Each structure stands twice: as structure tokens, then as C-alpha cells.
Amino acid sequence: MSEKEQKINDDHEVNLDNATAQEAVQQADEALEDAQQKVEEDVQALLEQALAEAEKHKDTALRVQADMENLRRRTRLDVEGAHKYALEKFVNELIPVLDSMEMGIDAAAKEDASAESIKEGLDMTFKQFLDVMQKFEVERVNPMGEKFDPQLHEAMTMVPSPDHESNTVMEVFQKGYTLNERLVRAARVIVAQ
């Protein structure tokens, strides 16, 4: 092969190499553009997904906030109702006692009423009243003969007494009361010295 043919051949190969290189660069550019477009699409999809999730969380937060506000309102109304009607059961239990007292007063006003029948009616009404009090955990404190306890008793006076042990309750002026084992009124007593 002659030099001239060799040169043409080399030029031809260079041209082919240049064309191949240009094609490779063009393919690389297209691949890069495709990759960039795919990344943009992926980023856009992730952004849309994140926005949808954020909207869902916002909706959930708003619902929880509304539920909490409703719960506060219902609780406030329940507490108001509990305060307003706390004594309803107690009052319902006392009404029959009042009815008995009223019937006793009416019976005592009659001409044929005897002291014995009036006393019997009073005893029954008193027992009914004590039953209601006990039902609601109200207990009487009657410390007659017990040791003086300043937590439960109020000493009105101290009297020397050879018949009683020192610091013992000799007499009860007024009985005391507890509600659920908490002192409501101390028993007023006379204590032996």
C-alpha cells in the first residue's frame, strides 16, 4: 500500500474515530439528560408524596385538637353537673325522713294522739334518719366512757371524779359526726380529771 493510500486510510480511521467519539458523547449527553429528567421526576414524586403526607398529618393534628377541645368541654360540663347535683342521692334519701316527720307532726296535732304513739313515731323517724346517714358514710361519735381524744372530742370542761379514770369522757353534751372517717363535728364532752 502506498503512502497516499495509507494516509487516506488513516484519515478515514480518524474520521471514523471522531464520528464514533461524537456519537459516544451524544449518547452520553442523552443518557445524562435522561438521568437528570428521571431524578427531577423522582424528586417531584417524593415532594408530592411528602406534601400529601404533611397534609394527612395536618388533618390528623386538627382532628386530635378538635377531639381534645370536645373532651375538655364535656369534662367541664360533667364537673359542673357533678358539683350542681352532688347531693341529689342524699336529698332523695332524706325526703322520706321529712315525710315521716311531717306525718308525725300531723299525728301529734290530733286530739286522740297519745304521748306513747308520738314517741314511737319519733323513734321510727330518728332511726330512719340514722339509716340514711349511715348509708352515706356519716357515723356518730359517741365517746361515753372512752379515753379523751382531742382529734375527735372537744372538752367543754374537766371535772374531778373519783368514779372515773383520769382523762376519760364522763358525759357527752353533743355527739360528734364523721363523714367517710373524716371529722365533721367533734363530740362535745366533759372529761374526768
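This briefing covers the overall form, sheets, salt bridges, surface and backbone of the structure above.

The model is a predicted one. The protein holds 3 helices and 6 strands, and from the N terminus on its elements run α-α-α-β-β-β-β-β-β. Its radius of gyration is 50 Å, well over the 16 Å that the globule rule gives for 193 residues, so the protein is more spread out than a compact globule.

**Overall form**

- The C-alpha trace spans about 160 × 50 × 20 Å along the principal axes of the protein.
- Of the 193 residues, 11% count as buried.
- Helix α1 covers residues 3-84, and helix α3 covers 115-135.

**Sheet β1-β4-β5**

- This open sheet has 3 strands in the order β1-β4-β5, and the pairing is antiparallel.
- β1 (138-141) and β5 (182-185) stand at the edges; each has a single partner strand, so one side of each is left without a neighbour in the sheet.
- From one strand to the next, the twist averages 35 degrees.
- Strand β4, residues 176-179, pairs with β5 in the antiparallel sense over 3 bridges.
- Within this part of the sheet, Leu-179 stands opposite Arg-182 in β5.

**Sheet β2-β6-β3**

- A further open sheet of 3 strands has the order β2-β6-β3, and its pairing is mixed.
- Its edge strands are β2 (153-159) and β3 (169-174), each of which pairs on one side only.
- Here the twist averages 25 degrees from one strand to the next.
- β2 pairs with strand β6 (residues 187-192) in the parallel sense, over 6 bridges.
- Met-158 stands opposite Val-191 in β6.
- In general, the strands of a sheet pair through backbone hydrogen bonds, in either a parallel or an antiparallel sense.

**Salt bridges**

- The structure holds 8 salt bridges, including the three pairs described below.
- Side chains of opposite charge can pair when their charged atoms come close.
- Arg-63 forms a salt bridge with Asp-59, and the closest N and O atoms are 3.0 Å apart. Both residues lie in helix α1, 4 residues apart, about one turn of the helix.
- Arg-63 is exposed, with a relative accessible area of 54%, whereas Asp-59 is partly exposed at 35%.
- Arg-76 and Glu-80 meet through their side chains in a salt bridge, at 3.4 Å from N to O. They are separated by about one helical turn because they are 4 residues apart in helix α1.
- Both members of that pair count as partly exposed: Arg-76 has 44% relative accessibility, and Glu-80 has 41%.
- Lys-147 forms a salt bridge with Glu-165, where the closest N and O atoms are 3.0 Å apart. This pair links distant parts of the chain, 18 residues apart: Lys-147 is in the loop between β1 and β2, and Glu-165 is in the loop between β2 and β3.
- Lys-147 counts as partly exposed at 47% relative accessibility, while Glu-165 counts as exposed at 55%.

**Nonpolar surface patch**

- Val-64, Met-68 and Leu-71 make a nonpolar surface patch of about 240 Å².
- One of these residues, Val-64, lies in helix α1.
- Val-64 is partly exposed, with a relative accessible area of 45%. A patch residue needs over 30% relative accessible area, so Val-64 passes that cut-off at 45%.

**Positive phi angles outside glycine**

- Glu-137 has a positive phi of about 60 degrees although it is not a glycine.
- Glu-137 lies in the loop between α3 and β1, and is partly exposed, with a relative accessible area of 42%.
- Asn-167, also a residue other than glycine, has a positive phi near 70 degrees.
- The loop between β2 and β3 holds Asn-167, and this residue is partly exposed, with a relative accessible area of 33%.
- Glu-165, the salt-bridge partner of Lys-147, is in the loop between β2 and β3, where Asn-167 also lies.

How values were computed. Residues are numbered from 1 along each chain as its sequence is written. This is a predicted model: local features need pLDDT of at least 70, side-chain atom pairs count only at pLDDT 80 or more; totals for chains, interfaces and linings use all residues. Side-chain values use heavy atoms; hydrogens and water are left out. Patches are made of residues with over 30% relative accessible area and no salt bridge: like charges are joined within 9 Å, nonpolar side chains (Val, Leu, Ile, Met, Phe, Trp, Tyr) within 5 Å. Accessible areas come from the Shrake-Rupley method with a 1.4 Å probe; for residues, only the protein chains shown count as cover. A salt bridge is a side-chain nitrogen of Lys or Arg within 4 Å of a carboxyl oxygen of Asp or Glu. Helices (H or I, at least four residues) and strands (E, at least two) are DSSP runs, numbered from the N terminus. Buried means under 20% relative accessible area, exposed over 50%, partly exposed in between (1.4 Å probe, protein chains only). Two strands pair if DSSP finds at least two bridges between them. Axes are lines fitted to C-alpha atoms, for helices over the stretch in contact, and angles run from 0 to 180 degrees between N-to-C directions. The radius of gyration is taken over C-alpha atoms; the globule rule is 2.2 Å times the number of residues to the power 0.38.
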